[in-house]
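Work through the exercises below with the structure open beside you. Try each task before you read its solution.

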Amino acid sequence: MHPPLTIHRHPMCAEIIEMFQKCHIDHPVGKFFNQCTDLKIKLDKCFREEKARKRKANFEESKKLRERLREQRME
């Protein structure tokens, strides 16, 4: 299961989202018989990469915040 396919929330995966949605429109029955599976796999991989980048950025931000709080406590 993937998150909602809104391009503004997933700018890194926008191109793949558009191709995936176009595949579903072009193949309304084929989508149930693995017609768009290769795009689904690419989309899942893109979402995983996007999530890993966000997780790393959030972790770096939390380290900076912890360091600032520690400095404030020491004063």
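**Exercise 1: A buried polar pair**

The side chain of glutamate 50 makes a polar contact with the side chain of histidine 10, at 2.7 Å. (A polar contact is a pair of N or O atoms within 3.5 Å; within protein, one must be able to donate a hydrogen and the other to accept it, and residues adjacent in sequence count only if both atoms are side-chain atoms.) The model is predicted: local features need pLDDT of at least 70, side-chain atom pairs count only at pLDDT 80 or more, and totals for chains, interfaces and linings use all residues. Residues are numbered from 1 along each chain as its sequence is written, and side-chain values use heavy atoms, with hydrogens and water left out.

Task: Locate glutamate 50 and histidine 10, and decide whether each is buried or exposed.

Solution.
- Step 1. Glutamate 50 sits in helix 2. Histidine 10 belongs to the segment before helix 1. (Helices are DSSP runs of H or I with at least four residues, strands are runs of E with at least two, and both are numbered from the N terminus.)
- Step 2. Apply the cut-offs: buried means under 20% relative accessible area, exposed over 50%, and partly exposed in between, with a 1.4 Å probe and protein chains only.
- Step 3. Glutamate 50 has 6% relative accessibility, so this residue counts as buried. Histidine 10 has 8%, so this residue is buried too.

Task: List what glutamate 50 and histidine 10 touch, leaving out residues up to four places away in sequence.

Solution.
- Step 1. Contact means heavy atoms within 4.5 Å.
- Step 2. Glutamate 50 touches Arg9, His10, Pro11, Met12 and Cys13.
- Step 3. Histidine 10 is in contact with Pro3, Pro4, Ile17, Phe47 and Glu50.
- Step 4. Now check a distance. Glutamate 50 and methionine 12 are 38 residues apart along the chain, and their C-alpha atoms are separated by 6.9 Å.

**Exercise 2: Two helices**

Task: Compare the reach of helix 1 and of helix 2 with the expected span.

Solution.
- Step 1. The expected span is 1.5 Å times one less than the number of residues.
- Step 2. Helix 1 has 13 residues and reaches 18 Å from its first C-alpha to its last, close to the expected 18 Å.
- Step 3. Helix 2 has 38 residues and reaches 55 Å between its end C-alpha atoms, close to the expected 56 Å.

Task: Which residues are buried in helix 1, and what do they pack against?

Solution.
- Step 1. Ala14, Ile16, Ile17, Phe20 and Cys23 are buried in helix 1.
- Step 2. These buried residues pack against helix 2.
- Step 3. Turn to the other side. In helix 2, Leu39, Leu43, Cys46, Phe47 and Glu50 are buried. Their cover includes helix 1.

**Exercise 3: Salt bridges**

Task: How many salt bridges does a search of the whole structure find? Examine three of them, starting with lysine 22 and aspartate 26.

Solution.
- Step 1. The search finds four. (A salt bridge is a side-chain nitrogen of Lys or Arg within 4 Å of a carboxyl oxygen of Asp or Glu.)
- Step 2. Lysine 22 pairs with aspartate 26, with the closest N and O atoms 2.6 Å apart. Both lie in helix 1, four residues apart, about one turn of the helix.
- Step 3. Lysine 40 and aspartate 44 meet at 2.9 Å, N to O. They are separated by about one helical turn because they are four residues apart in helix 2.
- Step 4. Glutamate 67 pairs with arginine 70 at 3.2 Å between the closest N and O atoms. Both lie in helix 2, three residues apart, about one turn of the helix.
- Step 5. Recall the geometry. An α-helix has 3.6 residues a turn, so residues three or four places apart point the same way.

**Exercise 4: The loop**

Task: Where does asparagine 34 lie, and what is its phi?

Solution.
- Step 1. Asparagine 34 is in the loop between helix 1 and helix 2.
- Step 2. Its phi is positive, about 65 degrees, although asparagine 34 is not a glycine.
- Step 3. Set that against the usual case. Most residues other than glycine have a negative phi.
- Step 4. Asparagine 34 has a relative accessible area of 61%, so this residue is exposed.
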